[in-house]
Amino acid sequence: MRVVVATKYVTVEEMAVLAQAGVDTVGENRLQDLQTKSERFKEAFAWHFIGHLQSRKAPAVSGLVELVHSLDSPSAARRLTVPALVEVNLSGEETKSGVAPDALAAFLEEAREAGAEVRGLMTMPPLAADAEESRPYFRRLRELAEGHGLTELSMGTSQDYRIAAEEGATLVRVGSILFEG
């Protein structure tokens with residue numbers, strides 16, 4: 001399992017501390033922050049994009065990262081030139097991005113026809129007081145990935161990474177657990 005340190009609230013100056021600590025993979029949510037941080041620390045980290053991917057920004061993101069965790073539109077799939085994970089909205093929450101589980105097979109076919117290299121799936125379960133409440137979402141994502149022959153699973157954050165690991169995560173995104181006090 002690979003740990004991706006989410007740097008959404010990390011300043012450019014604080015990125016040096018992550019490099020000194022031996023962090024090797026970081027994930028950024030916004031293109032502008034990704035550009036600023038990678039300009040200074042490009043060689044220090046493997047860069048992932050973990051925020052919502054807008055199709056118009058896909059080419060710029062592609063030039064900066066080795067993996068996108070949040071592919072969910074055919075137009076972004078056509079413009080992306082790096083491997084990606086398809087974001088699946090398992091909770092059905094309208095405030096979350098992602099492909100509906102029942103639309104996943106068609107989306108995977110369309111993304112591949114568009115030239116996207118899909119390596120796996122990603123999900124964000126609903127925020128819960130008990131990390132154990134995330135387990136059914138992680139288990140379902142693993143089942144979906146297995147059913148489609150996909151091997152990468154990006155699931156779990158600071159609140160529930162242990163459960164995600166137990167359910168087969170290959171990537172976990174942590175941030176607040178490292179930076180809160």
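I will talk through the nonpolar cores, one helix pair and one buried glutamate in this structure. This is a predicted model, in which local features need pLDDT of at least 70 and side-chain atom pairs count only at pLDDT 80 or more, while totals for chains, interfaces and linings use all residues. Residues are numbered from 1 along each chain as its sequence is written, and side-chain values use heavy atoms, with hydrogens and water left out.

Let me begin with the cores, meaning sets of buried Ala, Val, Leu, Ile, Met, Phe, Trp, Tyr and Cys residues joined through side-chain atoms within 4.5 Å, where buried is under 20% relative accessible area with a 1.4 Å probe, protein chains only. The largest has 47 residues, and L53, V65, V68, L71, V86 and L121 have the most contacts inside it. A second, separate core of 5 residues includes V4, L85, M122 and L171.

Turning to the helices, which are DSSP runs of H or I of at least four residues, numbered from the N terminus, α1 (residues 12–20) packs against α2 (residues 31–41) at about 50°, with the axes, lines fitted to C-alpha atoms over the stretch in contact, 10 Å apart. The pair is therefore oblique, a term for angles outside the ranges under 35, 65 to 115 and over 145 degrees. In contact, that is, with heavy atoms within 4.5 Å, V12, E13, M15 and A16 of α1 meet T36, K37, R40 and F41 of α2.

Finally, E87 is buried, at a relative accessible area of 8%, and, leaving aside neighbours within four places in sequence, E87 contacts H69, S70, L71, D72, S97, G98, V99 and M122.

Technical notes. Buried < 20%, exposed > 50% of the residue type's maximum accessible area, 1.4 Å probe, protein only. Axes fitted to C-alpha atoms, helices over the stretch in contact; angles between N-to-C directions. Helix = DSSP H or I, 4+ residues; strand = E, 2+ residues; numbered from the N terminus.
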